[in-house]
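Please take a moment to turn the model on your screen slowly and to find both ends of the chain. The paragraphs below will then lead you from one part to the next.

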Amino acid sequence: MLNENEQNALRYYIGDVSGSDAFYGDPKAYVVINSLFFPEITTERARAAEGKYLNPAIVEDTERLLEFFSGLFSAFRKCAVRETINTFRVERFSDYSLCKEYGHTLSLTSTSKAGFLREYRDRLGIALMKFEISAGTPCIDVGAALDVYVKPEEAEVLLPPFTRLEITEYVPSGEEAEILDSAGKPPIVGSKVKACGIVPFSGEICELPADGNKAGMRVYTALNAGKEPDADDVKLYTCWKSALVKSLNGMI
């Protein structure tokens, strides 16, 4: 059973929010939350190019952000599959390529027991991922974890960052080839993915660069407006993200 703090963090991540608070009221906070785990700002650029809003309030208060991650990661430590399950995800090809390169999930990764969901085809250039989540792997079956699940049709199973992946690629055919991205193009690649445990933390946790989050806010504001961010802001924000990811890797 998840406690109130853990359930609140999970609800927040899946977009079950209310009110007008810039942080707690954002139903798509995951857009920024997930981009934090990716190197440089390639992912932020991709999301902005898709018309997604990069909410500066998400990174405005670092302590608040870390409290959210603490609650969600605590939930992951309580949840693991008891037997192998199969789930699906329509992923950005650029993000998929990095997962393949690193050998693990980079960010929080939503998968579905209900197949390749249309709701997640709103991206340019897609890869289809068929997951086999091995018994014992930390993950959250959202419908089972929450008292009230506002999106039961998504049948979401959430994987944490740093989940080890073994990937085998194939060429999509039949109905899978008819799954189109936001530009009407078919999948670039299909993959069978075995998810098996968490990659052990082996780095060194370092202090977050001062005002790196503020630089990130300015980067988001520029990208949201279709402008090129200041190079110094990009550099500082990138260093801040790198330090943040190391802290989160150690936290989980």
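What follows is a walk through helices, strands, enclosed spaces and a few single residues.

Keep in mind throughout that this is a predicted model. A good place to begin is helix H6, which spans residues 93–102, and whose buried residues are Asp-95, Tyr-96, Leu-98 and Cys-99. If you look down the axis of H6, these buried residues fall within an arc of 160°, so they line one face of the helix. The elements that cover the buried residues of H6 include helix H3 (42–49), strand S1, strand S3 (126–133), strand S6 (163–170) and strand S7 (189–198). After H6 comes Gly-103, whose phi is positive, near 85°.

Helix H3, which has just been named as part of that cover, can be read in the same manner. Its buried residues are Thr-43, Glu-44, Arg-47 and Ala-48, and because they fall within an arc of 135° when seen down the axis of H3, they line one face of the helix. On the face of H3 turned away from this buried side you will find the exposed residues Thr-42 and Ala-49. The buried residues of H3 pack against helix H2 (30–35), S1, H6, helix H8 (212–224) and H9. Just after H3, Gly-51 takes a positive phi of about 85°.

From the helices we can move to the strands, with S7 as the guide. Of the 10 residues of S7, 7 are buried, so this strand is largely enclosed by the rest of the structure. S7 pairs with S3 in the parallel sense over 7 bridges, and in this pairing Leu-128 has Gly-190 of S7 as its bridge partner. S7 is also joined to S6 by 7 bridges, but here the two strands run antiparallel, and Thr-168 stands opposite Lys-192 in S7.

Next, consider the empty spaces inside the model. There are 2 cavities of 30 Å³ or more, and the second largest cavity has a volume of about 50 Å³. The elements that give two or more residues to the lining of this second largest cavity are strand S1 (85–92) and helix H6. Among the lining residues are Asp-95 and Cys-99, both of which have already appeared as buried residues of H6, and Arg-47, which is a buried residue of H3. By character, the lining of the second largest cavity divides into 4 nonpolar, 3 polar and 4 charged residues.

A pocket gives another kind of space to look at. The second largest pocket holds about 380 Å³ of space, and of the 20 residues that line it, the closest to its centre are Phe-37, Tyr-102, Phe-162, Val-245 and Lys-246. Helix H9 (residues 231–251) gives the largest share of the lining of this pocket, namely 6 residues. The lining of the second largest pocket divides into 11 nonpolar, 6 polar and 3 charged residues.

Phe-162, one of the residues closest to the centre of that pocket, deserves a second look for its backbone. Most residues other than glycine have a negative phi. Phe-162, however, has a positive phi near 70°; it is found in the loop between S5 and S6 and is buried, with a relative accessible area of 5%. Glu-40 likewise has a positive phi, of about 55°, although it is not a glycine. Glu-40 lies in the loop between H2 and H3 and is partly exposed, with a relative accessible area of 47%.

Two further residues can close the walk. Is Val-157, in strand S5, buried or exposed? Val-157 has a relative accessible area of 0%, which makes it buried, and its contacts, leaving aside neighbours within four places in sequence, include Ile-85, Thr-109, Ile-133 and Cys-139. The C-alpha atoms of Val-157 and Cys-139 are separated by 6.7 Å, although the two residues are 18 residues apart along the chain. Glu-153, by contrast, lies in the loop between helix H7 (142–145) and strand S5 (156–159), and is partly exposed, with a relative accessible area of 49%. Not counting residues up to four places away in sequence, Glu-153 touches Ala-114 and Leu-117. Glu-153 and Lys-113 are 40 residues apart in sequence, and their C-alpha atoms are 9.6 Å apart in space.

Conventions. Residues are numbered from 1 along each chain as its sequence is written. This is a predicted model: local features need pLDDT of at least 70, side-chain atom pairs count only at pLDDT 80 or more; totals for chains, interfaces and linings use all residues. Side-chain values use heavy atoms; hydrogens and water are left out. On a 1 Å grid over the protein atoms alone, a cavity is a set of points where a 1.4 Å probe fits but cannot get out, and a pocket is an open set with protein on both sides within 12 Å along at least five of seven lines; lining residues have an atom within 4 Å of a point. Grid points are joined across faces, edges and corners, and a volume is the space filled by probe spheres set on the points. Helices (H or I, at least four residues) and strands (E, at least two) are DSSP runs, numbered from the N terminus. Ala, Val, Leu, Ile, Met, Phe, Trp, Tyr, Cys and Pro count as nonpolar, Asp, Glu, Lys and Arg as charged, and the others, Gly among them, as polar. Buried means under 20% relative accessible area, exposed over 50%, partly exposed in between (1.4 Å probe, protein chains only). The arc is that of the directions from the helix axis to the C-beta atoms. Contact means heavy atoms within 4.5 Å. Two strands pair if DSSP finds at least two bridges between them.
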